[in-house]
Structures are given as C-alpha cells and as structure tokens.
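Open the model in a viewer and keep the sequence panel visible. The stops below go from sheet to hairpin to pocket to rings.

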Amino acid sequence: FAGAGQFDTTLKINAPDEGGAPAMTAILNMHGYEGRGVGIKMRDSVNSASNANNREWFVGTGYSTSGFNIGYASDGSQSSYAAQAKLSISTAGDATFAGTVTTGGSITMPDYIYHAGDTNSYFGFPTNDEYKVTINGSTKIFADASNTYLYFEGSQKLRTTNTGATITGNLQITGSSGDTLTLTKSTTEPSLRIEGDTDKDFVIT
C-alpha cells in the first residue's frame, strides 16, 4: 500500500524455505531521503487504560546522522534526534553511550582506555602481559610479567624485583610524630645498610 497505514497487533514477514540459499530471507526495507531519519519508533504505554503516556524508544539511523542510534524521549518528542540518543554507533564503528555501562562479565579490549577529551591520559595493555598507566603523555605506572615500575616525569623511580624493590633517588619517610623507618626480617635481626665506596659501607643491626 502507499501512504500511511495501520496493522493491529501483529505484522509478520514470513520467508518459507523454498530450497534456495539466499544471503537474506525475511527483509524489511526502509528507504528515506536527505538523512532525515529512518527507523522504528516504539511506545509501550500510549494505549494503556490508565496512566497512559507517550514515552518512546527509537531504533534506526536517526535525524541528520549517518550512524545508528537508539534513542529515548519520555514525552515521545524527537526520540530520533542525536540529543536523545542513548547509544550511537558511527559508520567507523565507534560507539558512544549516554549513561553508565554495566556488564555481567568481562570486558575485552585490544589496547587502551582513554579519558574523554583528554587523549594523552589513558591506561591499558600495550602488548601481551604488559600494563601501563599514562597521564599527560607521561608513563606513571608500568608492569610486565616480572616487574612493576613507578615513574616521575619519564624517569624510573621504583622497580620491583624477585628479591625486593629498587629505588632511584631520595627516599623520604614522614610520620605524624617524626620520621620512622622500621625493618623487619623473619630469620635474623633486621639491618640497615648504607653502601658507599669499597670498605665504606655503614650497617646498623
């Protein structure tokens, strides 16, 4: 039919198996013009006997967009517009959610998660078995299968090893009632070693 029409309750597109091997079977084609939006609008309470309302979900290309949108309008107005989009997928495959994303399982990502509007601050996995945190373009934390590193303005300050930790630079310990350094060792008395030139080490036990 041409023009507007109405189906009550059910519209079914049926494709019986006639022995062929088409790429598509049941198809609903919707053709528009000038990027003015093509999609499906759904109002699940408009016909309610009581407390009816016009809340509306939209699924389609959206008005004046080339991507795919899922939109919602509590009053049913302009649910296809970008301003009402709850999920937008660009033609490049980039997805934007309007709210919080909650998953019931794991999230798998190939490399990094970036801060919105701050592309030089991110964290993620540069390759297998590696993790990196970058702020303002500078690595702050890096970890691989063997070690963890802390950096300040590009310079390594701490590195963990299989025997402990290596600190580059000064170590300052500050407590509320004075500076305190406590060394604990399970097998022998604790010791503090200050290394200098040959035969000039200073040890406190």
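In what order do the strands of the open sheet run, and is their pairing parallel or antiparallel? This is a predicted model. Select the 5 strands of the open sheet: their order is S1-S2-S3-S4-S5, and the pairing is antiparallel. The edges are strand S1 (39-42) and strand S5 (95-97), each of which pairs on one side only. Look along the strands next: neighbours in this sheet are turned by 10 degrees against each other on average, with direction ignored.

Stay at the S1 edge and add strand S2, residues 56-60. S1 and S2 are joined in the antiparallel sense over 4 bridges. To see a single bridge, show Met 42 and its partner in S2, Trp 57.

Now move to the hairpin of S6 and S7. Select S6 (residues 112-115) together with strand S7 (residues 118-124). Their pairing is antiparallel, again over 4 bridges. Tyr 112 has Gly 124 of S7 opposite. Between the strands lie 2 residues, and in this hairpin Gly 117 takes a positive phi near 75 degrees.

Keep S6 selected and turn on the pocket display. Which residues line the largest pocket? They are Met 109, Tyr 112, Ile 113, Tyr 114, His 115, Ala 116 and Thr 119. S6 gives the most to this lining, with 4 residues. The volume of the largest pocket is about 240 Å³. Colour the lining by class: 5 residues are nonpolar, 2 are polar and none is charged.

Two of the lining residues, Tyr 112 and Tyr 114, lead on to the rings. Add Tyr 122: ring pairs link Tyr 112, Tyr 114 and Tyr 122 into a cluster. In total the structure holds 8 aromatic pairs.

One of the aromatic pairs is that of Phe 125 and Tyr 131, with ring centres 5.6 Å apart and 55 degrees between the planes, a tilted arrangement. Switch on the surface here. Phe 125 has a relative accessible area of 37% and is therefore partly exposed. Tyr 131, at 28% relative accessibility, also counts as partly exposed.

For the last stop, select Phe 142 and Tyr 149. Why is this pair called tilted? The ring centres of Phe 142 and Tyr 149 are 6.0 Å apart and the planes stand at 45 degrees, so the pair is tilted; planes under 30 degrees apart would count as stacked and those over 60 as edge-to-face. Both Phe 142 and Tyr 149 are buried, whereas Phe 125 is partly exposed.

Technical notes: Residues are numbered from 1 along each chain as its sequence is written. This is a predicted model: local features need pLDDT of at least 70, side-chain atom pairs count only at pLDDT 80 or more; totals for chains, interfaces and linings use all residues. Side-chain values use heavy atoms; hydrogens and water are left out. On a 1 Å grid over the protein atoms alone, a cavity is a set of points where a 1.4 Å probe fits but cannot get out, and a pocket is an open set with protein on both sides within 12 Å along at least five of seven lines; lining residues have an atom within 4 Å of a point. Grid points are joined across faces, edges and corners, and a volume is the space filled by probe spheres set on the points. Ala, Val, Leu, Ile, Met, Phe, Trp, Tyr, Cys and Pro count as nonpolar, Asp, Glu, Lys and Arg as charged, and the others, Gly among them, as polar. Two strands pair if DSSP finds at least two bridges between them. Axes are lines fitted to C-alpha atoms, for helices over the stretch in contact, and angles run from 0 to 180 degrees between N-to-C directions. Rings of Phe, Tyr and Trp (its six-membered ring) pair if their centres lie within 6.5 Å; planes under 30 degrees apart count as stacked, over 60 as edge-to-face and the rest as tilted. Buried means under 20% relative accessible area, exposed over 50%, partly exposed in between (1.4 Å probe, protein chains only).
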